[in-house]
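Please open the model in a viewer and follow the stops below in order. Each stop names what to select and then describes what is found there.

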2 protein chains.
Amino acid sequence: MRDVVVIGVGLTKIGEHWDKSLRDLFTEAALKAIQDAEISLNDIEAMFVSNMSSGYLQGQEHLGSLMATWLGIPGVAACKVEAACGSGGVAFHLGYLAVASGMYDCVLVGGVEKMTDAITSDVTTALIMADDQEYVASIGSTFVGLNALVYRAYMHKYNAKQEDIALFSVHCHKYALNNPYAQFRRAITLEDVLKSPIIADPIHLLESAPIGDGAAAVILSSLEFAKKLKKEVLVKVEASTVATDTLSLFDREDLTTLRATRIAAEKAYKMAKIEPKDIDVMEVHDAFSILGVIHLEDLGFAKKGEGWKLVKEGEIEVDGKIPTNLFGGLKARGHPVGATGVYQIVEIVWQLRGEAGKSQVDGAEIGLAQSVGGVGGTVAINILRRVR
Amino acid sequence: MRDVVVIGVGLTKIGEHWDKSLRDLFTEAALKAIQDAEISLNDIEAMFVSNMSSGYLQGQEHLGSLMATWLGIPGVAACKVEAACGSGGVAFHLGYLAVASGMYDCVLVGGVEKMTDAITSDVTTALIMADDQEYVASIGSTFVGLNALVYRAYMHKYNAKQEDIALFSVHCHKYALNNPYAQFRRAITLEDVLKSPIIADPIHLLESAPIGDGAAAVILSSLEFAKKLKKEVLVKVEASTVATDTLSLFDREDLTTLRATRIAAEKAYKMAKIEPKDIDVMEVHDAFSILGVIHLEDLGFAKKGEGWKLVKEGEIEVDGKIPTNLFGGLKARGHPVGATGVYQIVEIVWQLRGEAGKSQVDGAEIGLAQSVGGVGGTVAINILRRVR
């Protein structure tokens, strides 16, 4: 397999973009990434557009051709990639394979989602499509409801306290302050979280990722292609893996672990020839505070039942053992579902290039991004390394 | 890039499967393909599920994890791939890249679509999502209406006659008689076509692909993996390309040619180091009779404006110069949109293995499948060759 590098990143602020269509958001992010890469539009040979619900919410499929058209490069290979909320991380994996295979020298991976100007009940309906329509959604389950089951099971099994788990949300909001692209740039306290309304017992509103509109894009190329660009820093894809688990919780042996994270992470660490301790910075898929905690464990940074301790003890802070979600995570940066996995890659690239501002982890060399579809039905792990 | 071969195929009959869910159809086709490949379920490392409208029509996304779960192999990498009606051909391309890259030795590419037990107006709405929602669908255009524009433009530009173009449908029905998996196994006459109702002037009902439910799957592997299976015949992927064009007709210089076909085909012929005359058998995406005719031209088998002559002169018959759509094509085999591109691959594999029964092209060695999204917004070309 050929070496693959990330040579450009671009993104939009996440928010309520009622004045912008899917194509407007996507092309804004894509053009920024192309500009950042210092390549021309015509260097792009293939595009992977990650999105979950454009068909249901906007009445628009065929995003590959649509976005190629609006970027002004019809002719390129293109398609839409969907793996629920994990679409972005999976699309990055496909972009990686496309370049690693030797078929394409330069590809664009872009995620886009618009959620705020749809009817709210429609968004709830759209999100539960990440789980099983016939056995789960059909009985009235909501996506937040499923995560509430996980939360309860975790607290029960490990005798963990909500005031500890909820700290994950406080952490994310603190770091969103440093991120001009974040949806919610304001700090919150633990008291704020615990006083906020319960949306599915025991999940408080401020423990849940919001809905939002946004797009992010990255340019991947072969190492040879990138060398011609004479970049100061190159960011190499050291590992890229995807794993699935049973789609629904009723099929799981243990509700408190995401088996897909463990499978994908094990493969990724092996592929990158590293261990969790070698990771300098990471972005995890904290759709809910409890998920953030569980990810810390499943990725190998804490024993099961003890992920919250890392948060409480400051170990996921910018100067902690494993700096995590330093741009706000899903909770505060925002979560335009199909785009989120690409936002994470952009953020890791900023870290490895030393462009992370107040969120910069000193000397960060290796970063990991974890993107999750559904309640762990799909997980993508991408590990990037600064190579010069 | 590594050599990639197709080692197994499976499919369901296309029809009104009101008793079967997306997962039932998909697993039926996938298990047949696995059995045909003589591998075990656990050999599958990654899955690409092609589908267009499961979110809108069935309220179900995240088909990668869903199908991995129902096949009993959660853990594998998986995602859904969408490029409108061309999803199947594009998913095959991604499966090809996945193996060619060296990352995966054995992958499953499966397409599935259910259309007949949705409300009819919903299917019309679902299909126009292949074109531009904001500039085309929003003014009331239907997918068949757009193809009617192409038909009129073609007849006008080339002074072609409908009774010649409509022969494409007659041809497809004739060969569907040989295909036990076809939706419509009955012959029709030119008179039948021209007497059938007009659904969008000038397109007659019998010039349009029907809607249907179905699934098809193929197993791709590295050549090394396949050699261990000691197959009598191996079918190699000689070329696999995808190209886009502007999404909508209003952006096209010429309505009577699909530029994406020409780009993808040119690349594919170059990749396979062949010319059109080397193709022994092919499957083209005849969503409407006029499209079948246009594809013959754009793929290099006739001058522009003269594709219908090939049909009229018997040159696309089983013993003609370029045997085409010998299992009924979209018109009579059927067109479960996201699955159709995979059906085509199965049919080409049958030909190259000598398993095509009454539709067998004598000594067929090289076959081509063309899969189209929208009115040519995306085209995938896959060329297969019998290698022993």
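The tour of this predicted model begins inside the protein, at the largest cavity, which holds about 60 Å³ of space. A search of the whole structure finds three cavities of 30 Å³ or more.

To display the walls of the largest cavity, select A46(A), M47(A), F48(A), A77(A), A78(A), C79(A) and Y104(A), together with V90(B), H93(B), L94(B), L97(B) and V242(B). Next, colour β2 (46-50) and β3 (77-82) of chain A and α4 (87-100) of chain B; each of these elements supplies at least two residues of this lining. Which element gives the most to the lining of the largest cavity? It is α4(B), with four residues. By character, the lining comprises eleven nonpolar residues, one polar residue and no charged residue.

Proceed to the second largest cavity, with a volume of about 50 Å³. Its lining is shown by selecting V90(A), H93(A), L94(A) and V242(A), along with A46(B), M47(B), F48(B), A77(B), A78(B), C79(B) and Y104(B). Here the elements that give two or more residues are α4 (87-100) of chain A and, from chain B, β2 (46-50) and β3 (77-82). This lining divides into ten nonpolar residues, one polar and no charged.

Finally, turn to the surface and select W70(A), Y135(B) and F250(B), which make a nonpolar patch of about 340 Å². Within this selection, F250(B) is located in the loop between β8 (235-244) and α11 (259-272) of chain B. Is F250(B) buried, partly exposed or exposed? With a relative accessible area of 49%, F250(B) is partly exposed.

Notes. Residues numbered from 1 in each chain as written. Chains lettered and ligands numbered in written order. Predicted model: local features only at pLDDT ≥ 70, side-chain atom pairs only at ≥ 80, totals over all residues. Heavy atoms only, no water. Patch = residues over 30% accessible without salt bridge, like charges linked within 9 Å, V, L, I, M, F, W, Y side chains within 5 Å. Areas by Shrake-Rupley, 256 points an atom, 1.4 Å probe, with all protein chains shown as cover. Salt bridge = Lys/Arg side-chain N within 4 Å of Asp/Glu carboxyl O. Buried < 20%, exposed > 50% of the residue type's maximum accessible area, 1.4 Å probe, protein only. 1 Å grid on protein atoms, 1.4 Å probe; cavity = no way out; pocket = protein on both sides within 12 Å on 5 of 7 lines; lining within 4 Å. Points joined across faces, edges and corners; volume = space filled by probe spheres on them. Nonpolar A, V, L, I, M, F, W, Y, C, P; charged D, E, K, R; others polar.
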